[in-house]
Amino acid sequence: MISRLLIPRKYKFVGIILLLLGIIAAYFRFYLGIKPSYLNLPVFAFYSSFLDIKTFQVITNNISEEIVSLLLLFGLLLLNFSKEVVENDKVDSIRLFSLASSVLLNSVILIFSVLFIYGFAFVNVLMFNMFSQLLIYQI
């Protein structure tokens, strides 16, 4: 029944490529601090809060963080929701167990973070939380 929600297996390879590109891009952007100037582009913002608050306006923003996030998210989604070679009830039960485990562990991490991490470090935790459920599910 769960296999109806899955995409064809050939997208697993695409997911791996996107995930690897996202990891490499994240390394360059966040660890090395590279922010290419050619990625400073006008974008439509529903809400923007840098020095002043802007709503429903076109702003100029470096989209390197957004590219990294999208590469990681699409890569993990394709990897997690691609069919396996053999799809049967056992694989379905393993998928369900993995999903439940990832939700539980992700919730425990988030509760711990709410209780013990403060300030801008908590924003970093929330950014990690965007990917953690998909990462935990993959493990």
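## Packing questions

User: Do α2 and α4 run in which sense to each other, roughly parallel or roughly antiparallel?

Analyst: α2 and α4 run roughly parallel to each other, because of the angle at which they pack. That angle is about 30°, with the axes 10 Å apart. Axes are lines fitted to C-alpha atoms, for helices over the stretch in contact, with angles from 0 to 180 degrees between N-to-C directions. Under 35 degrees counts as roughly parallel, over 145 as roughly antiparallel, 65 to 115 as roughly perpendicular and the rest as oblique, so the term here is roughly parallel.

User: What kind of model is this, and how are residues and values handled?

Analyst: Residues are numbered from 1 along each chain as its sequence is written, and side-chain values use heavy atoms, with hydrogens and water left out. Local features need pLDDT of at least 70 and side-chain atom pairs count only at pLDDT 80 or more, while totals for chains, interfaces and linings use all residues, since the model is predicted.

User: Which residues of α4 does α2 meet, and what is the handedness of the crossing?

Analyst: From α2 come Ser69, Leu72, Leu73, Leu76, Leu77, Leu79 and Asn80. They meet Met130, Phe131, Leu134, Leu135, Tyr137 and Gln138 in α4 (contact: heavy atoms within 4.5 Å). A crossing is left-handed if the near helix is turned anticlockwise from the far one by less than a right angle, right-handed if clockwise. α2 passes α4 in a crossing that is left-handed.

User: Which helix gives the most residues to the largest nonpolar core?

Analyst: The largest nonpolar core holds eight residues: Leu19, Ala26, Val68, Leu72, Leu76, Leu79, Phe131 and Leu134 (buried Ala, Val, Leu, Ile, Met, Phe, Trp, Tyr and Cys residues joined through side-chain atoms within 4.5 Å). α1 (11-31), α2 (64-80) and α4 (120-138) each supply at least two of them (helices: DSSP runs of H or I, at least four residues; strands: runs of E, at least two; numbered from the N terminus). With four residues, the top contributor is α2.

User: Which residues does Leu76 touch, leaving out those up to four places away in sequence?

Analyst: Leu76 belongs to the largest nonpolar core. Beyond four places in sequence, Leu76 touches Leu19, Phe131, Leu134 and Leu135.

User: How do α1 and α2 run, roughly parallel or roughly antiparallel?

Analyst: Two packed helices are described by the angle between their axes and the distance between the axes. For α1 and α2 the angle is about 150° and the distance 7 Å. α1 passes α2 in a left-handed crossing. The angle makes α1, relative to α2, roughly antiparallel.

User: What is the handedness of the crossing of α3 and α4?

Analyst: The axes of α3 (residues 89-116) and α4 come within 8 Å and cross at roughly 165°. The two helices are therefore roughly antiparallel. Residues in the contact include Leu99, Val103 and Ile109 of α3 and Phe122, Val125 and Ile136 of α4. The crossing is right-handed.

User: What geometry do the rings of Tyr27 and Phe28 have?

Analyst: The whole structure holds seven aromatic pairs (Phe, Tyr and Trp rings, the six-membered one for Trp, with centres within 6.5 Å; planes under 30 degrees apart are stacked, over 60 edge-to-face, the rest tilted). In Tyr27 and Phe28 the centres are 5.8 Å apart and the planes stand at 75°, so this pair is edge-to-face.

User: Which residues form one aromatic cluster with Tyr27?

Analyst: Tyr27 is partly exposed at 41% relative accessible area, and Phe28 is partly exposed at 39% (buried is under 20%, exposed over 50%, partly exposed in between; 1.4 Å probe, protein chains only). The cluster joins Tyr27 with Phe28 and Tyr31.

User: How many residues apart in sequence are the parts that Phe46 and Phe56 tie together?

Analyst: Phe46 and Phe56 pair edge-to-face, 5.6 Å centre to centre with 85° between the planes. Phe46 lies in β1 (residues 40-49) and Phe56 in β2 (residues 53-62), so the separation is 10 residues.

User: What is the phi of Phe56?

Analyst: Phe56 counts as exposed at 56% relative accessibility. Its phi is a positive value in a residue other than glycine, near 50°.

User: What distance separates the C-alpha atoms of Lys83 and Leu6?

Analyst: Lys83 sits in the loop between α2 and α3. Lys83 is partly exposed, at 32%. Leu6 is 77 residues away along the chain, yet the C-alpha separation is 5.8 Å.
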